[in-house]
Amino acid sequence: ASCSHALTTPSPAVGPAKPVEWYAVNLDAAPKDRWTEVLQAKKDDTLAVLATITSQIPAHLLPYLEKVLDFAEHFWPLQIREELQGAAATLGVDAGLLLAMNLYYELNSGCTSVVAQHEDGSFYHGRNLDYGVPGLQNITVNVNFTSNGEVVYQGTTYAGYLGLLTGVKPGAFSLSVDERDTKNGTVWDNAFEAIFEGGHSIGFFYRETLETAKDYTAALPLLQSTHMDSPSYMIIAGAQAGEGAVVTRERNVAVDTWTIDAASGRWFLVETNYDHWVAPPASDDRRDPTNERMNALSP
């Protein structure tokens with residue numbers, strides 16, 4: 001069986017679709033140099049998006065962003081911090097502002113993810129990623145993360161965001177993440193959890209998992225147990241029949257793991273931004289139309 005994924009041309013709600021360019025990030029290179037090619041190619045568009053995002057940050061917090069980097073060792077590994085500093089230098093901005101951009105993507109998103117098992121046991125894993133920020137289409141990139149000349153994992157991301165919210169380890173497993181709203185799940189609650197309480201950044205946790213976990217069986221327990229910076233839905237598809245799951249997360253623990261069970265007719269899973277055992281609100285029901293369309297298909 002194979003692990004299929006949806007690194008394809010996006011279909012935006014407004015405007016024409018555009019092809020997504022491919023870049024390589026060499027994991028053997030010095031961390032500060034890994035994103036230079038991407039950011040030089042997308043510099044102007046990335047700076048425009050960065051300006052939009054930072055304009056949404058309360059003004060009194062901006063002077064403290066650089067200081068936040070002092071705490072980053074608690075939730076971002078050294079090489080990621082060095083990537084951040086190198087990327088900021090390439091863009092010509094303070095590292096604290098780029099940190100804000102990364103936290104924004106990390107902690108403030110909506111989404112829909114679908115995993116489906118084909119009758120031959122292979123998987124399809126699709127998703128959209130919803131942000132109300134102008135210009136994101138211009139900085140969307142596909143990235144091959146390489147080592148020793150080989151692709152270790154791949155992902156779709158935004159120039160300037162150094163984590164992955166969508167990724168695949170070829171022939172092994174794929175990951176996506178959807179936002180989960182809770183009573184203490186605001187952007188700033190999540191940022192506090194990341195900075196002061198040891199919560200892992202989801203985007204960099206995904207990169208680490210894609211790099212180090214051998215397969216679905218090794219990756220799933222990590223999704224269920226790692227202390228994260230925000231509540232979320234972690235969606236995973238593997239390379240063998242039955243290897244598909246949605247892990248519903250609080251920051252410290254998984255509260256539910258919903259799995260593919262083709263034998264009982266559950267050959268696909270649809271996750272938006274609501275617990276799958278609770279009816280979605282009428283004002284944002286993406287689940288039922290997606291289920292309807294999936295059920296009209298066959299495995």
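**Overall architecture, sheet packing and salt bridges**

The secondary structure of the protein comprises ten helices and eleven strands, as seen in a model that is predicted. The protein has 299 residues, of which 51% count as buried, and its accessible surface amounts to about 13,100 Å², with 52% of that area belonging to carbon and sulfur atoms. When contacts between residues at least 6 apart in sequence are considered, 66% of them join residues that are at least 24 apart.

Eight of the strands are arranged in an open sheet, in which the order is E1-E4-E5-E6-E7-E8-E9-E10 and the pairing is mixed. The edges of this sheet are occupied by strand E1 (21-26) and strand E10 (254-259), each of which has a single partner strand, so that one side of each is left without a neighbour in the sheet. From one strand to the next, the twist averages 20 degrees.

Two of the strand pairs may be described in detail. Strand E7 (residues 173-179) and strand E8 (residues 232-238) run antiparallel and are joined by seven bridges; within this pair, Phe173 has Gly238 of E8 as its bridge partner. E9 and E10 likewise pair in the antiparallel sense, over five bridges, and they form a hairpin in which four residues lie between the two strands. In this hairpin, the bridge partner of Thr248 is Asp256, which belongs to E10.

Helices H8 and H9 are both placed against strands of the sheet. Helix H8 (residues 202-212) lies across strand E4 (140-147), strand E5 (150-158), strand E6 (166-169), E7 and E8, and its direction is at about 170 degrees to that of E7. Helix H9 (residues 216-225) packs on the sheet as well, where it touches E7, E8, strand E9 (244-249) and E10, with a direction that makes about 15 degrees with that of E9. Of the eleven residues of H8, eight are buried, so this helix is largely enclosed by the rest of the structure. The buried residues in H8 are Ile202, Gly203, Phe204, Phe205, Tyr206, Arg207, Thr209 and Leu210, a list in which the charged residue Arg207 also takes part in a salt bridge.

Side chains of opposite charge can pair when their charged atoms come close, and the structure holds eight such salt bridges. In one of them, the side chains of Glu83 and Arg207 meet with a distance of 2.8 Å from N to O. This pair links distant parts of the chain, since Glu83 lies in helix H4 (residues 78-91) and Arg207 in helix H8, 124 residues apart. Both Glu83 and Arg207 are buried.

A further group of salt bridges is centred on Arg180, which pairs with Glu250 and with Asp275. Between Arg180 and Glu250, the closest N and O atoms are 3.2 Å apart; Arg180 is found in the loop between E7 and helix H7 (187-196), whereas Glu250 is found in the loop between E9 and E10, so that the pair links parts of the chain 70 residues apart. Arg180 counts as buried because its relative accessibility is 8%, whereas Glu250, with a relative accessible area of 27%, is partly exposed. Between Asp275 and Arg180, the closest N and O atoms are 2.8 Å apart. Asp275 lies in the loop between E11 and H10, while Arg180 lies in the loop between E7 and H7, and the pair therefore ties together parts that are 95 residues apart in sequence. Asp275 also counts as buried, because its relative accessibility is 15%. Elsewhere, salt bridges that share partners join Arg34, Glu83 and Arg207 into one network.

The loop between strand E11 (268-271) and helix H10 (287-295) also holds Trp277. With a relative accessible area of 45%, Trp277 is partly exposed. Together with Val253, Val255 and Val278, Trp277 forms a nonpolar patch on the surface, and the accessible area of these residues together is about 340 Å².

Note on methods
Residues are numbered from 1 along each chain as its sequence is written. This is a predicted model: local features need pLDDT of at least 70, side-chain atom pairs count only at pLDDT 80 or more; totals for chains, interfaces and linings use all residues. Side-chain values use heavy atoms; hydrogens and water are left out. Patches are made of residues with over 30% relative accessible area and no salt bridge: like charges are joined within 9 Å, nonpolar side chains (Val, Leu, Ile, Met, Phe, Trp, Tyr) within 5 Å. Accessible areas come from the Shrake-Rupley method with a 1.4 Å probe; for residues, only the protein chains shown count as cover. A salt bridge is a side-chain nitrogen of Lys or Arg within 4 Å of a carboxyl oxygen of Asp or Glu. Buried means under 20% relative accessible area, exposed over 50%, partly exposed in between (1.4 Å probe, protein chains only). Two strands pair if DSSP finds at least two bridges between them. Axes are lines fitted to C-alpha atoms, for helices over the stretch in contact, and angles run from 0 to 180 degrees between N-to-C directions. Contact means heavy atoms within 4.5 Å.
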